[in-house]
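The exercises below are meant to be worked with the sequence and the coordinates open side by side. Try each task before reading its solution.

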Amino acid sequence: QVQLVESGGGLVQAGDSLRLSCTASGRTFSYYITAWFRQAPGKEREFVAAIDYSGGRTDYANSVKGRFTIFRGDAKNPVYLQMNSLKPEDTATYYCAEKRLGEGAYSYWGQGAQVTVSS
């Protein structure tokens with residue numbers, strides 16, 4: 001059973017930067033994808049960014065492309081989400097998720113980290 005723990009959320013002003021971390025434990029498989037999703041109040045959860053197990057392949061939502069960067073630490077853990085030029089519309093609870101390579105749905109989820117961007 002994979003456990004994911006997010007950290008690094010907080011309250012910032014528009015234009016500021018913030019870095020989220022996702023630390024995984026209990027993983028028993030070698031090929032996987034780790035992603036960040038977010039959910040704002042009253043809205044559905046949406047995909048933000050994803051990275052494969054090697055760190056060599058990434059994917060981003062159009063709304064964050066060019067502002068957010070997903071990357072892995074030297075030991076492939078944790079996974080970071082560097083968020084620059086934050087906007088009020090980035091305010092949400094950010095979730096880390098993971099799935100085995102080839103699976104459709106993400107099987108493992110963290111508890112979430114709150115990011116609030118004031119204007």
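Buried means under 20% relative accessible area, exposed means over 50%, and partly exposed covers the range in between. The model to which this is applied here is a predicted one.

**Exercise 1.** Determine how glutamate 98 and arginine 27 are related, and whether each is buried or partly exposed.

*Solution.* Step 1: glutamate 98 and arginine 27 form a salt bridge, in which the closest N and O atoms are 2.7 Å apart. Step 2: glutamate 98 belongs to strand S9 (residues 92-100), whereas arginine 27 sits in the loop between strand S3 (18-25) and strand S4 (32-39), so the pair ties together parts that are 71 residues apart in sequence. Step 3: glutamate 98 has a relative accessible area of 1%, and because the cut-off for buried is under 20%, glutamate 98 counts as buried. Step 4: arginine 27, with a relative accessible area of 25%, is partly exposed.

**Exercise 2.** Find which residues are joined into one network by salt bridges that share partners, and describe the pairs that can be identified within it.

*Solution.* Step 1: the structure holds 5 salt bridges. Step 2: one of them links the side chains of arginine 38 and glutamate 46, at 2.6 Å from N to O; arginine 38 is buried, with a relative accessible area of 5%, while glutamate 46 is partly exposed at 34%. Step 3: another joins the side chains of aspartate 90 and arginine 67, at 2.7 Å from N to O. Aspartate 90 lies in the loop between S8 and S9 and arginine 67 in the loop between strand S6 (58-60) and S7, so this pair ties together parts that are 23 residues apart in sequence. Both aspartate 90 and arginine 67 are buried. Step 4: through shared partners, salt bridges join Arg38, Glu46, Arg67 and Asp90 into one network.

**Exercise 3.** Give the volume of the largest pocket, and classify the residues of its lining as nonpolar, polar or charged.

*Solution.* Step 1: the largest pocket has a volume of about 160 Å³. Step 2: its lining includes Arg38, Glu46, Arg67 and Asp90, which are the residues joined in the salt-bridge network of the previous exercise. Among the other lining residues are Gln39, Lys43, Ser63 and Thr91. Step 3: the lining divides into 2 nonpolar, 3 polar and 7 charged residues.

**Exercise 4.** Work out the order of the strands in the open sheet, and say which strands stand at the edges.

*Solution.* Step 1: the open sheet is formed by 4 strands in the order S1-S3-S8-S7, with antiparallel pairing. Step 2: strand S1 (3-7) and S7 stand at the edges with a single partner strand each, so one side of each is left without a neighbour in the sheet. Step 3: from one strand to the next, the twist averages 15 degrees. Step 4: S3 and S8 run antiparallel and are joined by 5 bridges, and the bridge partner of arginine 19 in S8 is glutamine 82.

**Exercise 5.** Describe how S7 pairs with S8 and how the two faces of S7 differ in being covered or uncovered.

*Solution.* Step 1: S7 (residues 68-72) pairs with strand S8 (residues 79-83) in the antiparallel sense over 5 bridges, and phenylalanine 71 stands opposite tyrosine 80 in S8. Step 2: the two strands form a hairpin with 6 residues between them, where lysine 76 in the turn has a positive phi of about 65 degrees. Step 3: Phe68, Ile70 and Arg72 make up the covered face of S7, while Thr69 and Phe71 make up the uncovered one.

How values were computed:
Residues are numbered from 1 along each chain as its sequence is written. This is a predicted model: local features need pLDDT of at least 70, side-chain atom pairs count only at pLDDT 80 or more; totals for chains, interfaces and linings use all residues. Side-chain values use heavy atoms; hydrogens and water are left out. Buried means under 20% relative accessible area, exposed over 50%, partly exposed in between (1.4 Å probe, protein chains only). Two strands pair if DSSP finds at least two bridges between them. On a 1 Å grid over the protein atoms alone, a cavity is a set of points where a 1.4 Å probe fits but cannot get out, and a pocket is an open set with protein on both sides within 12 Å along at least five of seven lines; lining residues have an atom within 4 Å of a point. Grid points are joined across faces, edges and corners, and a volume is the space filled by probe spheres set on the points. Ala, Val, Leu, Ile, Met, Phe, Trp, Tyr, Cys and Pro count as nonpolar, Asp, Glu, Lys and Arg as charged, and the others, Gly among them, as polar. A salt bridge is a side-chain nitrogen of Lys or Arg within 4 Å of a carboxyl oxygen of Asp or Glu. Axes are lines fitted to C-alpha atoms, for helices over the stretch in contact, and angles run from 0 to 180 degrees between N-to-C directions.
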